[in-house]
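This report looks at how side chains are placed in one protein model, with attention to aromatic contacts, nonpolar groupings and backbone geometry.

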Amino acid sequence: GATHQISIGERTSWHSALAFSGLSTSRMAYQLHRQGLEEAVLMEDDVLEKSRIAGHTTLTHRLSNKVRFKAGMYATFQHDKLATPALATRSMKTLEGVVIQPFVRFNLKMTSAISAELGAHHLYYSTTKSNSLEPRAALRVQMGASQQLSFSYGLHSQLQLPQVYMSGMSGNSALYPNRYLDPTRSHHYVAAYQKNFRNSSNIKLEAYWQALFDVPVSAAISNSYSVLNLIENSVSQNLKNTGKGRNYGIEATYQKLLTDQYYVLITGSLYNSTYMGSDEIRRSTRFNGGHTFAFTGGKEFTTKQGSVWGINTKILWIGGFRDTPILSQQSEANQSTVYDQNQAFTVKMKDYFRPDLRVYWKKNHAKYNRTIAIDLQNVSGTKNEAYSYYDTYQKQIVRQYQMGLIPVLSYRWEF
């Protein structure tokens with residue numbers, strides 16, 4: 001990518017950036033037979049490709065000592081390719097579109113201790129011709145030199161996942177409306193308190209409430225389906241923007257910036273995440289783990305020779321996501337996993353725990369520097385739960401687990 005910044009007089013600045021990114025993933029699924037692995041039959045072959053060209057430009061102007069104006073636009077060209085997993089009906093779909101998001105914002109210093117921010121954001125998606133105007137507002141109160149209280153509100157929109165729009169391109173006329181679904185929208189309310197300390201550290205407490213609406217849910221029948229829980233690459237239901245969701249919680253963060261050759265970041269939260277499908281029954285979402293905790297810290301040691309040894313660690317402890325019960329008899333009769341959708345996401349998986357450790361050595365020279373590092377991802381080797389399925393060979397429900405310890409050795413030369 002590239003960035004550009006220029007000052008226009010004493011009160012105005014202009015900043016622009018351009019970036020490109022790409023991603024390609026694939027997954028293959030085989031059906032095994034009792035005769036052995038050599039009789040394995042390829043049943044599914046997922047392919048997902050994403051590329052983005054994103055740019056933004058922002059103009060900032062100071063109208064007075066108490067008023068600052070900012071306006072700009074974000075623009076992103078999106079290109080997605082998706083191959084349907086089932087080989088019998090395999091097809092490669094392509095989705096392209098441009099997302100344009102202009103915005104305007106005023107920062108007002110009302111008194112020496114109170115400031116406000118008022119603005120508006122607009123989202124336009126060329127593929128569906130969707131438009132969304134979103135007001136934003138914030139109020140900040142400075143309580144002495146080290147404490148701040150803030151309140152904010154914003155209306156936010158989020159486009160649907162590419163596979164949702166692509167389902168309307170499958171040739172199935174019943175799914176055609178999916179191609180023109182509106183974005184999911186949400187009212188965000190946040191109250192926050194921050195306390196700064198003398199040792200380059202601070203603590204922040206935050207309470208939030210998110211009310212989601214215009215969520216795509218099943219249009220043809222009354223059931224528990226909602227795209228808020230979507231992780232699969234295929235959508236087989238006709239959808240409409242009538243679903244709802246709700247997230248609320250509290251979060252605490254302690255941060256110490258890198259001083260005295262060490263830093264610390266600790267965050268924790270308690271939350272609840274629910275949704276309503278077309279049956280209008282409130283349920284936990286797939287991601288309603290209830291709590292999160294993360295610790296990130298690091299320390300550097302400088303040797304007499306001028307080189308630096310460092311150690312970093314990151315520890316994640318997250319409430320287990322939720323799964324849907326599997327119907328064993330129906331799965332055996334169907335020879336594939338059948339879920340009890342009337343009990344959607346009532347099974348809570350075990351908590352996710354993962355500690356990472358990184359040890360490195362770096363040496364700075366006049367024209368270049370070198371770094372050698374060993375990363376031990378999931379250093380404890382914890383086998384976290386991933387998902388369950390019905391195994392037609394074992395004739396029972398099987399739990400799959402994520403990978404354990406992953407060592408990564410790296411060498412970097414920067415000049």
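In this predicted model, Tyr-248 is partly exposed, with a relative accessible area of 31%. Its partner is Trp-209, and the two rings form a stacked aromatic pair, with 5.3 Å from centre to centre and 15° between the planes. Trp-209 belongs to strand β10 (residues 201-218) and Tyr-248 to strand β11 (residues 239-259), so the pair ties together parts that are 39 residues apart in sequence. Trp-209 also counts as partly exposed, because its relative accessibility is 38%, and the range for that class runs from 20% to 50%.

The structure holds ten aromatic pairs, and another one of them is formed by Phe-287 and Phe-321, which meet edge-to-face at 5.3 Å centre to centre with 90° between the planes. This pair links distant parts of the chain, 34 residues apart: Phe-287 is in the loop between β13 (282-284) and β14 (291-302), while Phe-321 is in the loop between β15 (308-318) and β16 (322-323). Phe-287 counts as partly exposed at 31% relative accessibility, and Phe-321 is likewise partly exposed, at 36%.

Rings also take part in contacts with lysine side chains. The charged end of Lys-256 sits over the ring of Tyr-262, at 3.9 Å from its centre, and Lys-299 lies over the face of Phe-301, 5.6 Å from the ring centre. The ring contacts described so far are set out below.

| Contact | Arrangement | Distance |
|---|---|---|
| Trp-209 and Tyr-248 | stacked, 15° between the planes | 5.3 Å centre to centre |
| Phe-287 and Phe-321 | edge-to-face, 90° between the planes | 5.3 Å centre to centre |
| Lys-256 and Tyr-262 | charged end over the ring | 3.9 Å from the ring centre |
| Lys-299 and Phe-301 | over the face of the ring | 5.6 Å from the ring centre |

Which residues touch the most other members of the largest nonpolar core? Of the 18 residues in this core, they are Val-164 and Leu-239. At least two core residues come from each of β5 (92-109), β6 (114-125), α1 (162-166) and β10, and α1 gives the most, with three residues. In soluble globular proteins, nonpolar side chains tend to be buried together.

Nonpolar side chains are found on the surface as well, where Ile-372, Ile-374, Leu-409, Tyr-411, Trp-413 and Phe-415 form a patch with about 730 Å² of accessible area together. The elements that give two or more residues to this patch are β19 (369-377) and β22 (406-414), and β22 gives the most, with three residues. Ile-372, a patch member that lies in strand β19, is partly exposed, with a relative accessible area of 38%. That value meets the requirement for patch membership, because a patch residue must have over 30% relative accessible area.

The backbone offers two further points of interest. Most residues other than glycine have a negative phi. Ser-200, however, has a positive phi of about 60° although it is not a glycine, and its place is in the loop between β9 (184-197) and β10. Phe-345 also has a positive phi, near 60°, and is found in the loop between α2 (328-334) and β17 (347-348). Are these two residues buried or exposed, or in between? Ser-200 is partly exposed, with a relative accessible area of 33%, whereas Phe-345, at 8%, is buried.

Notes. Residues are numbered from 1 along each chain as its sequence is written. This is a predicted model: local features need pLDDT of at least 70, side-chain atom pairs count only at pLDDT 80 or more; totals for chains, interfaces and linings use all residues. Side-chain values use heavy atoms; hydrogens and water are left out. Patches are made of residues with over 30% relative accessible area and no salt bridge: like charges are joined within 9 Å, nonpolar side chains (Val, Leu, Ile, Met, Phe, Trp, Tyr) within 5 Å. Accessible areas come from the Shrake-Rupley method with a 1.4 Å probe; for residues, only the protein chains shown count as cover. A salt bridge is a side-chain nitrogen of Lys or Arg within 4 Å of a carboxyl oxygen of Asp or Glu. Helices (H or I, at least four residues) and strands (E, at least two) are DSSP runs, numbered from the N terminus. Buried means under 20% relative accessible area, exposed over 50%, partly exposed in between (1.4 Å probe, protein chains only). Rings of Phe, Tyr and Trp (its six-membered ring) pair if their centres lie within 6.5 Å; planes under 30 degrees apart count as stacked, over 60 as edge-to-face and the rest as tilted. A charge sits over a ring if NZ of Lys or CZ of Arg is within 6 Å of the ring centre and within 35 degrees of the ring normal. A nonpolar core is a set of buried Ala, Val, Leu, Ile, Met, Phe, Trp, Tyr and Cys residues joined through side-chain atoms within 4.5 Å.
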